[in-house]
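Let's take a walk through a protein fold together, one piece at a time. Have the 3D view open so you can click along.

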Amino acid sequence: MSEVSSLQKARYSYQPKLPALFAKSGLRVKAVDGAATSCVGNPGAIKPLFPNSFGRPIVSFQAGGVPEVKPLKIGVLLSGGQAPGGHNIISGLFDALRKHHPESRLFGFENGPGGLVKNKYREIDAALVDRYRNTGGFDIIGSDRTKLESEEKHIIPAVENCRKLGLDALVIVGGDDSNTNGGMLAEYLLAKKNPLLVIGCPKTIDGDLKNEYVETSFGFDTASKLYSELIGNIATDVNSAKKYWHFIRLMGRSASHITLECALQTHANIAIISEEVEAKKQTLKALVEEMVGVIAENAEGGRNFGVVLIPEGLLEFIPEMKVMVQELNEILAKEATAFNGLATDGDRIQFVSSRLTQASEQALSSLPVSLRVQLLMERDKAGNVPFSKIETERLIIDMVGARLKEMKAAGKFKGEFSAQNHFLGYEGRCSPPSNFDADYCYSLGFTAAALAAAGKTGYMAVVRNLSLPHDQWQPGGIPLTTMMNIERRKGKDMPVIRKSLVELDSAPFKKFAGQRDSWKCVSAYLCPGPIQFFGPSEVCDRTTITMELEASSR
């Protein structure tokens, strides 16, 4: 890299903060086993699938450890979509290994699990790490979405490649699906009595990889702050131009955590939370009617403008759409060959329509042809609808506009309705990480190294007490099986790490629900501004409102 920006130079020099235990002791710590664990759902089905790793204890660390240590060789890969902070996982791993023993080595598998299977790797040295500290993206070694599904095609060559490198451990940085694969790989290795350790790190900007022990996934803090900045800018424009309703779709394939956080940060006029829509059993028509009511009320006050936040996976939570999508997934999984052989979109729509139940066929046919085509796009690696490619906000704009046109013709709406649509997605995945994510990921790298040094496998590295000052953070490990349940994927029941959805009895949602009515018809917008990398610590290092509220409610 011959030329870098002033921001990059400043970020290279930032020294991430560590929990007090690692700051004082490095990896000279000892693992302490806590209580045995079960899993979040379907233990009767999960336990037989993971006989060697199910029920393992929660792990914490304390000062101590053996005075003599041996060098470690660890491999690391980045899996799935990008999230701010991934580079600091690697720099944390690298620095931790050097503190552990100067002859320890770190290898990065290039382009994710695919590189592991194809044995494409590079050794990570100080010069490489120093070029990527505190920077966004996954470009240090790349990523992909290869699933370690086939023993012959994926698992055996992956294990053999680790053996050739003499690795003691493999660290998988990924989301729920990636860490599910890590848990299955760990179980396979235990069954084969292979000493290779497998350790995961919680990544996803969606914020849906969290539980009692994983307080947040890395990247959520940065992405939600970046989106909030952009929403705040749009809100300021709305208040200035006074002529558009801006419908903003936000990333979050299933859960609405990002939408909820951005609503709390910006006070948008309308923010839809998918989990609430499902709980209320709202139809798409009823949801649109509710939005129309707010827009009409604003128009009565002379306000023909506002901001609407829509979660990416909304359609999956509307009852009639959820059932329809589930049926589509089953049809496309079981009859993929026949479906893929069809020549036109019309033929594909007719193919699935004839196989849907009557209610789901009606739900599909109620949608514009363009959206029906989008719902039939190739599924992702997990067999899910690629909601990031579906223009839900465009559909809602059209439905709202049509309803307001009807009302205007009947003399029930005298305002004007003009809309702009936006999708805030990829803009947030590779931003330079906030100081919180930079610190958190660096600490996760140290924690993963500590788990490897302690001989732990099938664990996810976790850091707790994240809403407190960093010196009070607590590193540890949670068995990957603890987070698993059985879900339907690609037409089959499969063990997967359960996504964490927005809980309607949680402190963040209650605060939102208690304030949103006061945002509907006034300019109560907040403009949080850009991510701060320096300044007063209470501003610079503050984490998300969501996590602060969750911590205060414990």
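## Two helices that meet: α9 and α10

At roughly what angle do the axes of helix α9 and α10 cross? Keep in mind that you are looking at a predicted model. The answer is roughly 50 degrees, and the axes of α9 (residues 220-241) and α10 come within 9 Å. An angle from 65 to 115 degrees would count as roughly perpendicular and one under 35 as roughly parallel. The α9 and α10 pair fits neither label, so these two helices are oblique to each other. The crossing of α9 past α10 is right-handed.

Who does the touching? From α9 come Phe 220, Ser 224, Tyr 227, Ser 228, Ile 231 and Gly 232, while α10 brings His 257, Ile 258, Glu 261, Cys 262, Gln 265 and Thr 266. Sort the residues of this contact by class and you get five nonpolar, six polar and one charged.

## A second partner for α10

Helix α10 (residues 257-266) also meets helix α20 (residues 507-515): their axes come within 10 Å and cross at roughly 50 degrees. Because of that angle, α10 counts as oblique to α20. This crossing is left-handed.

On the α10 side, the contact uses Leu 260, Ala 263 and Leu 264. On the α20 side, Pro 508, Phe 509, Lys 511 and Phe 512 take part. By class, the contact of α10 with α20 has six nonpolar residues, no polar ones and one charged.

## A pair at a wide angle: α13 and α16

Now jump to helix α13 (residues 319-334) and helix α16 (residues 358-365). Their axes are 9 Å apart, and the helices pack at an angle of about 105 degrees. Since 65 to 115 degrees counts as roughly perpendicular, that is the label for α13 against α16.

Helix α13 makes this contact with Glu 320, Met 321, Val 323, Met 324 and Glu 327, and α16 answers with Ser 360, Ala 363 and Leu 364. The mix for α13 with α16 is five nonpolar, one polar and two charged.

## Inside the cores

In soluble globular proteins, nonpolar side chains tend to be buried together. Which residues touch the most other members of the largest nonpolar core here? They are Tyr 227 and Leu 309, in a core of 84 residues. Helix α19 (residues 435-453) gives the most to this core, with 11 residues. There is also a second, separate core of 45 residues, which includes Leu 284, Ile 331, Phe 351 and Leu 356.

Try clicking on Leu 309. Skipping its neighbours within four places in sequence, Leu 309 is in contact with a long list of residues, among them Ile 231, Ile 248, Leu 250, Cys 262, Ala 263 and Ile 272. Do some of those names ring a bell? Ile 231 and Cys 262 also belong to the contact of α9 with α10, and Ala 263 is part of the contact of α10 with α20.

## Buried spots

Is His 87 buried or exposed? His 87 has 1% relative accessibility, and because buried means under 20%, it counts as buried. His 87 lies in helix α4 (residues 86-100). Not counting residues up to four places away in sequence, His 87 touches Tyr 132, Thr 135, Gly 136, Gly 137, Phe 138, Asp 139 and Ile 140.

A loop residue can be buried too. Leu 209 sits in the loop between β8 (197-202) and α9, and at 1% relative accessibility Leu 209 counts as buried. Leu 209 and Thr 543 are 334 residues apart along the chain, and their C-alpha atoms are separated by 17 Å.

## Out towards the solvent side

Two lysines share a backbone quirk. Lys 193 has a positive phi of about 55 degrees although it is not a glycine, and Lys 242 has a positive phi of about 55 degrees as well. Lys 193 is in the loop between α8 (176-191) and β8, and with 73% relative accessibility Lys 193 counts as exposed. Lys 242 is in the loop between α9 and β9 (245-250), and at 45% Lys 242 counts as partly exposed.

Finally, find Gly 34 in strand β1 (residues 29-36). Gly 34 is partly exposed, with a relative accessible area of 45%. Leaving aside neighbours within four places in sequence, Gly 34 is in contact with Pro 57 and Ile 58.

Terms used: Residues are numbered from 1 along each chain as its sequence is written. This is a predicted model: local features need pLDDT of at least 70, side-chain atom pairs count only at pLDDT 80 or more; totals for chains, interfaces and linings use all residues. Side-chain values use heavy atoms; hydrogens and water are left out. Axes are lines fitted to C-alpha atoms, for helices over the stretch in contact, and angles run from 0 to 180 degrees between N-to-C directions. Helices (H or I, at least four residues) and strands (E, at least two) are DSSP runs, numbered from the N terminus. Angles under 35 degrees count as roughly parallel, over 145 as roughly antiparallel, 65 to 115 as roughly perpendicular and the rest as oblique. A crossing is left-handed if the near helix is turned anticlockwise from the far one by less than a right angle, and right-handed if clockwise. Contact means heavy atoms within 4.5 Å. Ala, Val, Leu, Ile, Met, Phe, Trp, Tyr, Cys and Pro count as nonpolar, Asp, Glu, Lys and Arg as charged, and the others, Gly among them, as polar. A nonpolar core is a set of buried Ala, Val, Leu, Ile, Met, Phe, Trp, Tyr and Cys residues joined through side-chain atoms within 4.5 Å. Buried means under 20% relative accessible area, exposed over 50%, partly exposed in between (1.4 Å probe, protein chains only).
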